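This report describes the chain shown below, from three selected residues to its overall form.

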Amino acid sequence: YNDASNEWTQLYGFGGNKRKDAAVFVINDKAYIGTGIQNGAYQNDFYEFDGNSETWTRLKDLDDEDEDYTILLANGVGFSLNGLGYIATGDASGVSNNTWEYNPATDTWDDRPDFEGTPRQDAVAFSFSDKAFVLMGRSGGYYFDDIWEYRPDEENDEDD
């Protein structure tokens, strides 16, 4: 979108499958997209979009055989904090409270302590330079109105 001309420009080049309910986060002027569902199948591809060059790059899959993680879900949230990306909550054949951390320097994911709120899907997340929040969402027919601050440097209560 160009705010000076009040016009949208269509871009091409995304090589992944069409999907709904994906998670997205932005780190250093690059947007990252992954997860989601297409025709009932969870999507495992993960992409980076460079807004300056307007190019897409496929990164390691979210279920890479050489890594020890599988991140297949829909309706999760994405956010960034301190130069790292996060995907949390969502639906993976049931609501989830899992949290994963992405390092763009190494193109790797690490399992992080679970989201401490009730597992959920369709939540919302946002972040500032030094704070991130996950809020609302639902589990079945119950809709939440709570807000949780994510603090990656603090131990999860279950770890005490």
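## Asp-45

Where in the chain does Asp-45 lie? In this predicted model, Asp-45 is placed in the loop that runs between strand 4 (41–42) and strand 5 (46–50). The relative accessible area of Asp-45 is 3%, which is under the 20% limit, and the residue therefore counts as buried.

The side chain of Asp-45 forms a polar contact of 2.6 Å with the side chain of Arg-19. Residues up to four places away in sequence aside, Asp-45 touches Gly-16, Asn-17, Arg-19, Ile-33, Gly-34, Thr-35, Arg-58, Asp-61 and Leu-62.

## Glu-48

Strand 5 contains Glu-48. Is Glu-48 buried or exposed? With a relative accessibility of 14%, Glu-48 counts as buried.

Between the side chains of Glu-48 and Tyr-32 there is a polar contact of 3.1 Å. Tyr-32 also appears among the residues that Glu-48 touches, when those up to four places away in sequence are not counted. The others in that list are Lys-30, Ala-31, Thr-55, Trp-56, Thr-57 and Leu-59.

## Trp-109

Trp-109 belongs to strand 10, which covers residues 108–112. Its relative accessibility is 3%, so Trp-109 counts as buried.

Which residues are in contact with Trp-109, leaving aside its neighbours within four places in sequence? They include Phe-25, Phe-46, Tyr-69, Trp-100 and Tyr-102, and also Leu-62, Ile-71, Gly-85, Ile-87 and Glu-101. For the pair Trp-109 and Ile-87, the separation is 22 residues in sequence and 9.9 Å in space, from C-alpha to C-alpha. Leu-62 is in contact with Trp-109 and is also touched by Asp-45.

## The chain as a whole

How many helices and strands are there in the chain? The chain has 0 helices and 15 strands. Its C-alpha trace spans about 50 × 40 × 35 Å along the principal axes. A compact globule of 160 residues would have a radius of gyration near 15 Å, and the 16 Å of the chain agrees with this expectation.

Of the 160 residues, 38% count as buried. Contacts between residues at least 6 apart in sequence join residues at least 24 apart in 41% of cases.

## Surface and charge

The exposed area of the chain is about 9400 Å², of which 43% is supplied by carbon and sulfur atoms. The chain carries 11 positive and 34 negative charges, and the mean positions of these two sets are 6 Å apart.

Definitions and conventions. Residues numbered from 1 in each chain as written. Predicted model: local features only at pLDDT ≥ 70, side-chain atom pairs only at ≥ 80, totals over all residues. Heavy atoms only, no water. Helix = DSSP H or I, 4+ residues; strand = E, 2+ residues; numbered from the N terminus. Rg over C-alpha atoms; globule rule 2.2 N^0.38 Å. Buried < 20%, exposed > 50% of the residue type's maximum accessible area, 1.4 Å probe, protein only. Contact = heavy atoms within 4.5 Å. Areas by Shrake-Rupley, 256 points an atom, 1.4 Å probe, with all protein chains shown as cover. Lys, Arg positive; Asp, Glu negative; His and termini not counted. Charge placed at Lys NZ, Arg CZ, Asp CG, Glu CD. Polar contact = N/O pair within 3.5 Å; in protein donor to acceptor, adjacent residues only side chain to side chain.
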